[in-house]
Amino acid sequence: MCATNSPDTVLVVEDDPSIRDLLASALRFAGFDARFAEDVPQALGSLARHTPDVVVLDVGLPGGNGFEVLQLIRSRGVTTPVLFLTARDSVEDRVRGLRLGGDDYVTKPFSVVEVSARLQALIRRARGSAGPAADDGVLRYAGLELDDRRHTVHRDGEAIDLSPTEFRLLRYLLSHYDHVLTRSQILEAVWQYDFGGDSVVVERFVSNLRRKLDHGREPLIHTVRGIGYSLHRPTA
């Protein structure tokens, strides 16, 4: 018999049965092996038994919240992409989720087509389709060193802890230092959206990167008003 490729697995952690049913139909139709958990204990039990290809996390859950699940995933060194489901007016939740190592979010009410497309994009980029690295696997500029093989980042010799998406964003900026990159270019290269993505996601991650990279040093990531961003040394 010929071997067949297994479907990508997605763990959906959501306590609302109507949303679970909606996502179950949409994700299975899109070809995912969809698994579900209703609260934090069920989510942790499922993750202990099997590491999925991608996770969908609702922020508000019985017995805890999605942030606790995310922190556990990241504390175990698991780089599985995580997509948050948040309320439309909950900016604080979106910012907190991204800072803790979440990779993307959608706001409720959402389009199931968009959720499926974003999950597919997260999986594609997690499998290393972000482009080539330097010959030795290390990108260097202005005291920054990004080691693609060891998945480490240093600035002036100091280790900097980045989430998987922050790492990919910095990698793209470093690969094009001194160039001005539009938000659309960044979304396409880092998030690999094949539809109109949300530029707010880029802004949040750039803000996170600046906070971690600068930390009292000269800024390297600069906003080009009305266009996007550029990584370069400050001009006199």
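Mentor: Buried means under 20% relative accessible area and exposed means over 50%, with partly exposed in between. We will apply these terms to a predicted model.

Trainee: Is Asp 147 buried or exposed?

Mentor: The relative accessibility of Asp 147 is 10%, and the limit for a buried residue is under 20%. Because the value falls within that limit, Asp 147 counts as buried.

Trainee: With which residue does Asp 147 form a salt bridge?

Mentor: The closest N and O atoms of the pair are 3.0 Å apart, and a salt bridge requires such atoms to lie within 4 Å. The partner has a relative accessibility of 63% and therefore counts as exposed. The residue that forms the salt bridge with Asp 147 is Arg 150.

Trainee: Which residues are joined into one network by salt bridges that share partners?

Mentor: One link to consider is the salt bridge in which the side chains of Asp 58 and Lys 108 meet, at 3.0 Å from N to O. This pair links distant parts of the chain, with Asp 58 in strand β3 (residues 54-58) and Lys 108 in strand β7 (residues 104-108), 50 residues apart. Salt bridges that share partners make one network of Glu 14, Asp 58 and Lys 108.

Trainee: Is Lys 108 buried, partly exposed or exposed?

Mentor: Its salt-bridge partner Asp 58 has a relative accessible area of 5% and is buried. For Lys 108 the relative accessible area is 23%, and the class between under 20% and over 50% is partly exposed. Lys 108 is therefore partly exposed.

Trainee: How many residues apart are Arg 20 and Glu 38?

Mentor: The side chains of Arg 20 and Glu 38 meet in a salt bridge at 3.5 Å, N to O. Arg 20 lies in helix α1 (residues 17-29), whereas Glu 38 lies in the loop between β2 (33-37) and α2 (40-49), and the pair links distant parts of the chain. Arg 20 is buried at 14% relative accessibility, while Glu 38 is partly exposed at 37%. Along the chain, the separation of Arg 20 and Glu 38 is 18 residues.

Trainee: How many salt bridges does a search of the whole structure find?

Mentor: The pairs discussed here include Arg 20 with Glu 38 and Asp 147 with Arg 150. For the whole structure, the search gives a total of 16.

Trainee: Is α7 roughly parallel or roughly perpendicular to α8?

Mentor: Helix α7 (residues 183-191) packs with helix α8 (residues 199-213) at an angle of about 80 degrees, their axes being 9 Å apart. Because angles of 65 to 115 degrees count as roughly perpendicular, α7 is, relative to α8, roughly perpendicular.

Conventions: Residues numbered from 1 in each chain as written. Predicted model: local features only at pLDDT ≥ 70, side-chain atom pairs only at ≥ 80, totals over all residues. Heavy atoms only, no water. Helix = DSSP H or I, 4+ residues; strand = E, 2+ residues; numbered from the N terminus. Buried < 20%, exposed > 50% of the residue type's maximum accessible area, 1.4 Å probe, protein only. Axes fitted to C-alpha atoms, helices over the stretch in contact; angles between N-to-C directions. Parallel < 35°, antiparallel > 145°, perpendicular 65-115°, else oblique.
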